[in-house]
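Here's a quick walk through a protein model you have in front of you. Have a look at the sequence and the fold, then read on for the surface, the sheet, the salt bridges and the core.

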Amino acid sequence: MGKRINKLKKIRIHREGTQELFLGAIAIVAIAFLLFHFFETVIPFWIFIIIFGTAWFLALNFYRCPIRYFNGDTSRLVVAPADGRIVVIEETEENEYFHDKRLMISIFMSPLNVHANWFPVDGKVKFVHHQDGNYHKAWLPKASEENEHADIMITTPEGEDILVRQIAGAMARRIVTYAKKDEECYIDEHLGFIKLGSRVDVFLPLGTEVCCRMEQPTTGDQTVIAKLK
């Protein structure tokens, strides 16, 4: 437990957005200063402040990263790897790694959601693989296989392999994955980050108990979506 606590990442504004937010704030202040001092009317100044100030606060909301801890025993639990809503709960044929049927649970993230991703289970990272692809709308079934995605295979302490797939959507153009091969990973740790609208799939063994429902809102690192048998 001590090792697990020591590895937790405490981030309030996600590091993926720190530079963009800082540079954006400087640019807005500088341009606002010029508009205020070089125009006889303050109308251009206020129009600029309202439009770009709103855009900056939307970006701030997008890059927020609340500090979260899962309360309770994590053994055999699968927690939501992302904020969003459940868009898929189905058995599917996974032919890339498992070559058999798996239970797939998918979470769609809108641009208004927190876009940090968490590990859904405790275990060890078996491999990380990035695949280039298309940018279909993330909630479409074909997005899981055809869109750009990153696959993270995690072996649980009980020896079961769980596949987590970060998927780029129509607006998302950057997938960041922090998971590294052979590293131990824990619920409460950040797995990665996806910019703008996107999706995360979790592939689980058949017989896993589903603890969520379609269209259910999820909170990353908090909502229990399944229990391994």
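## A greasy patch on the surface

Helix 3 gives the nonpolar patch its largest share, six residues. Helices here are DSSP runs of H or I with at least four residues, strands are runs of E with at least two, and both are numbered from the N terminus. Before going further: this is a predicted model, where local features need pLDDT of at least 70, side-chain atom pairs count only at pLDDT 80 or more, and totals for chains, interfaces and linings use all residues. Residues are numbered from 1 along each chain as its sequence is written, and side-chain values use heavy atoms, with hydrogens and water left out.

Back to the patch: its members are Phe 36, Val 42, Ile 43, Trp 46, Ile 47, Ile 50, Ile 51 and Phe 52, with about 810 Å² of accessible area together. That area comes from the Shrake-Rupley method with a 1.4 Å probe, and for residues only the protein chains shown count as cover. To join a patch, a residue needs over 30% relative accessible area and no salt bridge; nonpolar side chains (Val, Leu, Ile, Met, Phe, Trp, Tyr) are linked within 5 Å, like charges within 9 Å. Ile 50 sits in helix 3, and it counts as exposed because its relative accessibility is 53%. The labels go like this: buried is under 20% relative accessible area, exposed is over 50%, and partly exposed lies in between (1.4 Å probe, protein chains only).

## The sheet

Eight strands make an open sheet in the order 9-5-6-7-11-3-2-13, with antiparallel pairing. At the edges are strand 9 (184-185) and strand 13 (217-218), each pairing on one side only. Two strands pair if DSSP finds at least two bridges between them. Strand 5 (residues 123-131) and strand 6 (residues 149-155) run antiparallel and are joined by seven bridges. In that pair, Lys 124 stands opposite Thr 155 of strand 6.

## Salt bridges

The count of salt bridges is eight, each being a side-chain nitrogen of Lys or Arg within 4 Å of a carboxyl oxygen of Asp or Glu. Here are three of them.

| Acid | Base | Closest N to O |
|---|---|---|
| Asp 83 | Arg 68 | 2.7 Å |
| Glu 215 | Arg 85 | 2.8 Å |
| Asp 201 | Arg 199 | 2.8 Å |

How exposed is each partner? Asp 83 and Arg 68 are both buried. Glu 215 counts as partly exposed because its relative accessibility is 47%, and Arg 85 is partly exposed too, at 30%. Asp 201 is buried, at 0% relative accessibility, and Arg 199 is also buried, at 0%. Elsewhere, salt bridges that share partners tie Glu 96, Asp 151 and Arg 165 into one network.

## The core

How many residues does the largest nonpolar core have? It has 29, and those with the most contacts inside it are Val 78, Ile 105, Phe 119, Ile 154, Leu 204 and Ile 225. Such a core is a set of buried Ala, Val, Leu, Ile, Met, Phe, Trp, Tyr and Cys residues joined through side-chain atoms within 4.5 Å. Strand 3 provides the largest share of this core, four residues. Apart from it lies another core, of nine residues, including Leu 21 and Val 176.
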